[in-house]
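Reader: Please take one part of this model and look at it closely. I would like the setting of a single residue first, then the wider picture.

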Amino acid sequence: MNHLFDRIGIIWLALFIAGIATAGLAAETEYPNLADKKELVIKRGFTKEALGCIECHAKKMPGTVEAWKLSGMSHAGISCYDCHVVEKSSPMAGQCEGIKGTDIYISPMVSSKTCSRCHPQEVEQFLGSGHAKLASKAVCDPAKLEGKFLGLMYYHEGAGFMDNNKPTYDGLTPKGMPPYNRAARASGCQMCHGTQVELGPDNRPINETWPGGVGTRYPDGSIGTCTVCHTRHKFSIADARKPEACGACHLGPDHPNIEIYFESKHGQQYLSHGDEWEYESAPDTWEPGDYTAPTCATCHMSGIGELPTTHSVNDRLKWDLVHKKSVLRSGERGDGEKGDKEMRKVCVNCHGATHTLAQRKILDNAVELYNKYWDGAVRMKEDLKKKGLLKENPWKDGFQELEYYLWHHCGRRARQGSAMNAPDYAHWHGFFQLFQVYYDMENIYEQRLKNNKIEEMSTVMSTGPY
Ligand code: HEC
Ligand code: HEC
Ligand code: HEC
Ligand code: HEC
Ligand code: HEC
Ligand code: HEC
Ligand code: HEC
Ligand code: HEC
């Protein structure tokens, strides 16, 4: 199956968008009305100005231009000019060496807002998902997050305690903390989550805040980097359908999704036969036959059977398998009951109803069991707190360190391994370690109650179970 578009002189592309605009969206970010019907004219051939960008950049940045030439959009006449030129009044407006002194302004920053001019539906779905505002909230919206987690990021990982820029460590709340060492945040969290971009001379992005991850917040108020999956400048849909596109961020001890996938029967099929599968099918026509087992995109995003493609990765989720206690998704995290139904619609394209039912029940039971561990941990902690047997700094306190591993590492691996059919993650990296960590927490708890004091040294010593 091939691309929808012929490379003809003028392409009239009418995009009729049926989506319903998210309430409040326009007011917050000044996106164009995404629910509008759009008629869009694309001229084959480039204007003189656009050719100027391409020709000079072909010499100065050949890698970028070569990648762009391979993209579907270059064939449709969309160039550097369409995505990088901004109004002079834009807070991001600057000028590159080649256009200094002209009345053209550009920015190296391109957010989902630029894409929304031509792909309003994808952008609307994306903005309503955990991949947009919520993703960067974890890094740059201190007011709305627990002090303790940000204490970890700002004070410990930012090495405030090593006297970087002399921060004031006010009992684990980041309020009033100066922007000291960002090395850990910039090389880690922000590359996956994104943060608020800060500007320097000529409105170029500075202070280790750009380029960033999926939820990057731009100076004009727009949110989101579409190219984390559709790598620039090829903007491939084939790349985004492969698990590696997601594995860039969804990996490691705390959410080993790519590892889980490769361990599952589906991932084994991908590893054995994935190079024979068809990834170039036109949007919404990528179906079983093109592949024999699902990738991440198949289950979470792509159209399959009666389900249309979605850029909201929350749409097909029932549980919250990432936070301390797993609850049915609701509000800004999605709609769990609907999500459950949608996910089942994915499976039944290749499995019988009995198989699907069995698999969903396994997940529900794993969630229930995990929650019991978590509730038990909370009860012990409340007891210790009442008796003054918790240290103020949780990272020097064995009980609290273990509590973190319980939900953030072992607990996620147990839940996500069960959800995505990876028995080794569900058990040996998951439930097995969960009970071990829990037993150790119980021991510390009982010791503290017996002696009515906190043991002198953390018995955990920061070696998290993996
Ligand atoms: C369809 C839109 C689109 C087109 C067409 C496009 N770009 Fe980009 N470009 C992007 C996006 C998206 C980014 C990533 C921006 C971000 O992370 O904020 C980017 C980033 C860049 C960057 C900064 C990142 C880096 O590696 O230095 C440069 C330079 C750049 N593009 C040059 C070009 C040139 C030259 C062309 C034309 C050959 C071009 N772009 C065409 C969307 C586009
Ligand atoms: C005569 C050559 C020339 C022309 C014409 C030209 N550029 Fe550039 N551009 C450069 C060079 C050289 C750089 C790298 C140095 C710099 O950033 O100023 C650059 C940098 C950029 C960057 C990255 C800026 C950054 O902060 O990293 C973008 C985006 C860009 N150009 C887009 C464009 C667009 C869009 C056009 C057409 C409107 C254009 N350029 C026209 C030579 C040119
Ligand atoms: C000026 C209009 C315009 C803008 C702006 C634009 N696109 Fe496109 N895009 C198109 C058209 C037209 C096509 C269809 C080209 C084709 O595949 O034949 C397309 C196709 C695509 C495809 C599918 C390519 C494929 O292989 O089928 C992706 C992915 C995509 N765009 C992503 C983006 C992203 C991400 C941005 C923002 C950084 C963006 N587009 C900005 C017009 C635009
Ligand atoms: C390798 C990429 C990566 C890095 C580095 C990373 N995260 Fe994450 N983070 C993710 C992914 C992916 C998820 C979603 C996992 C899931 O849904 O199961 C996530 C989830 C979260 C969540 C839970 C979701 C929410 O919004 O409440 C928080 C909070 C969070 N990360 C904060 C951070 C902070 C702070 C840092 C740096 C100290 C960081 N992350 C580093 C990829 C990363
Ligand atoms: C989490 C990864 C991911 C992100 C982020 C992402 N996409 Fe996609 N996109 C995909 C996948 C996967 C497909 C292919 C769906 C299918 O199989 O038909 C796709 C398909 C597309 C298409 C082809 C038409 C369609 O809807 O199927 C366009 C256009 C597109 N994306 C634009 C965007 C824009 C604009 C953004 C930023 C708002 C974006 N994408 C962000 C994964 C992503
Ligand atoms: C650039 C990093 C990055 C890439 C690439 C990426 N994600 Fe994510 N993803 C994240 C982060 C960060 C979060 C956590 C969002 C939050 O804080 O709620 C997340 C959350 C999710 C969630 C849970 C959403 C929620 O509301 O809890 C799903 C499902 C997901 N991603 C699927 C995918 C799939 C499928 C792909 C590939 C097609 C993908 N992601 C690619 C960074 C990424
Ligand atoms: C066979 C279908 C399937 C495949 C393939 C798949 N997933 Fe999942 N995924 C699921 C199901 C089912 C859940 C649990 C949904 C629920 O709560 O009901 C889930 C849950 C998740 C979550 C947890 C969301 C949260 O925070 O609660 C993330 C993140 C995720 N998947 C990412 C990925 C990534 C990345 C890949 C590929 C490396 C992938 N998935 C492959 C079906 C799949
Ligand atoms: C595109 C087809 C396809 C889709 C969609 C799909 N699967 Fe599978 N699944 C397979 C194939 C092929 C196998 C390997 C069967 C074998 O071992 O012979 C498999 C195996 C499995 C297994 C291993 C146990 C067994 O049957 O031997 C589980 C569990 C599973 N799938 C669950 C799911 C769930 C849950 C969903 C939906 C969230 C899903 N699958 C969606 C094709 C698919």
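Author: What follows starts at Cys-189 and then turns to the whole protein and ligand 1. This is a predicted model, in which local features need pLDDT of at least 70, side-chain atom pairs count only at pLDDT 80 or more, and totals for chains, interfaces and linings use all residues. Residues are numbered from 1 along each chain as its sequence is written, while chains are lettered from A and ligands numbered from 1 in the order in which they are written.

Cys-189 lies in helix 11, which spans residues 189–193. Helices (H or I, at least four residues) and strands (E, at least two) are DSSP runs, numbered from the N terminus. Cys-189 counts as buried because 20 other C-beta atoms lie within 10 Å; the cut-offs are 20 or more for buried, 12 or fewer for exposed, and partly exposed in between, with C-beta atoms placed from the backbone. Leaving out residues up to four places away in sequence, Cys-189 touches Val-139 and Met-153, where contact means C-beta atoms, placed from the backbone, within 7 Å. The C-alpha atoms of Cys-189 and Ala-138 are 8.8 Å apart, with the two positions 51 residues apart along the chain counted as their separation.

The protein as a whole has 20 helices and six strands. Of its 466 residues, 34% are buried. Among contacts between residues at least 6 apart in sequence, 58% join residues at least 24 apart.

Around ligand 1 there are 23 residues, and the closest are His-57, Cys-80, Cys-83, Pro-108 and Val-110; a residue is near if its C-beta atom, placed from the backbone, lies within 6 Å. Helix 5 gives the largest share of this shell, four residues.

Key. Two residues are in contact if their C-beta atoms, placed from the backbone, lie within 7 Å.
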